[in-house]
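Me: I'm new to this one and would like a close look at a single part. Could you walk me through the pocket, and then whatever connects to the residues around it?

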Amino acid sequence: MAPDATPTMKDADFSQMGIYIDGRTKNELDELLRTKPAAEVNARDLYALSCMHYMDDEPMQNAAAFFNLSDASEGASHKVLDFGAGFAGDARLIAEDHPACEVTCVEVQPHIHAAAEQLTSIVGIADRCKHQCVDVFEEAVRGAPFDHMLSVLVVLHIPDRDALWKNLARALKPGGEVYVEDYFARAPLTAEDKRQLAGPVACPYLPSEEEYKKTLEHAGFVDVEWEVMNDRWLPFVERRLAAFRAAEARNRRVHGEAMCAELDLFYRTVKELFERGNLGGVRIRARKAM
């Protein structure tokens, strides 16, 4: 069970999380538009500046396969909820690659929601990629129930897991599929782990694998597949930090010194957490019980 917490997403403290800094995506968009006219920009062009998770578009592709989004036969239903969509990089690729899908992006941070809407308007798919600024603890997502739910590196920010997963279950149809990438406590967390998680990573609480699975079960999810990702995510976060530092001159020109320092702290912190090995990464596939 999670510790006592006010059941709202808006209480999450993102103030020390460099990747969420207001203006980062605007700077990257301005840089892109220096060399490519807005009329020629597509969802793939926007992906690099809007993706905040690991392994490029692999999570989105895995989710699309799990949801069988390529099935456009008569009667097939593909209403996808992207929970904690951020800047909606995945959602736009899904909408662009699978025209029969309708993706609803839910984001709780107003500045990220506004930026995501702007990016979606650039590529002209707002009819299939829709945005809502919603706290699921306080109001229902419009358009529910959904056939599928995607959520990548979002749940880790929310301490009240029991209430969260019950709310998410209510947004899905019976039998609805869930694809999630998240953190868990692979081993007991040290004081330094907890300090870094609560600060730059905005992760105030992590369950063990056993606790996580019990929460999913209590919320009504079945057929849970649990795939530990540390062996793949650690090399990724190491490469990410190295690449960011290798492009120091470019990054300082685009973002300025202060923002670069915040981003470096975030990337370095995540690398150190995975190197110590107590932080776990997981891919979860599950279904809501019928």
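Reply: Let's begin with what counts as a pocket here: on a 1 Å grid over the protein atoms alone, a pocket is an open set of points with protein on both sides within 12 Å along at least five of seven lines, and its lining residues have an atom within 4 Å of a point. Keep in mind that this is a predicted model.

With that settled, the largest pocket holds about 620 Å³ of space. Its lining is made up of 24 residues, and those nearest the centre are Arg24, Glu28, Ala48, Cys51 and Tyr267. If you want to trace the walls, the elements giving two or more residues to that lining are helix 1 (24-33), helix 2 (43-50), helix 9 (230-246), helix 10 (248-255) and helix 11 (257-276). Helix 9 chips in the most, with five residues. Sorted by class, you'd find 13 nonpolar residues in the lining, along with eight charged and three polar ones.

Cys51, one of the residues nearest the pocket's centre, leads us to the cysteines. What is the disulfide count? It comes to zero. Take Cys203: the nearest cysteine sulfur belongs to Cys51 and is 19 Å away, and Cys203 is in no disulfide. Cys203 also counts as buried, because its relative accessibility is 2%.

Cys105 is a closer call to look at. The closest cysteine sulfur, in Cys129, is 3.8 Å from the sulfur of Cys105, which is too far for a bond, because a disulfide needs the two sulfur atoms within 2.5 Å. Cys105 is buried as well, with a relative accessible area of 2%.

Now follow Cys129 into its strand. Cys129 is in strand 3, where it stands opposite Val103. Strand 2 (residues 102-107) and strand 3 (residues 129-133) run parallel and are joined by five bridges. To get from strand 2 to strand 3, the chain passes through helix 5 (residues 110-123), making a β-α-β crossover that is right-handed.

One last stop is Asp182, which you'll find in strand 5 (residues 172-185). Is Asp182 buried or exposed? Asp182 counts as buried, because its relative accessibility is 0%. For a sense of distance, try Lys36: it sits 146 residues from Asp182 along the chain, and the C-alpha atoms of the two are separated by 34 Å.

Definitions and conventions:
Residues numbered from 1 in each chain as written. Predicted model: local features only at pLDDT ≥ 70, side-chain atom pairs only at ≥ 80, totals over all residues. Heavy atoms only, no water. 1 Å grid on protein atoms, 1.4 Å probe; cavity = no way out; pocket = protein on both sides within 12 Å on 5 of 7 lines; lining within 4 Å. Points joined across faces, edges and corners; volume = space filled by probe spheres on them. Helix = DSSP H or I, 4+ residues; strand = E, 2+ residues; numbered from the N terminus. Nonpolar A, V, L, I, M, F, W, Y, C, P; charged D, E, K, R; others polar. Pairing = 2+ DSSP bridges. Right-handed = clockwise from strand over helix to strand, strands pointing away. Buried < 20%, exposed > 50% of the residue type's maximum accessible area, 1.4 Å probe, protein only.
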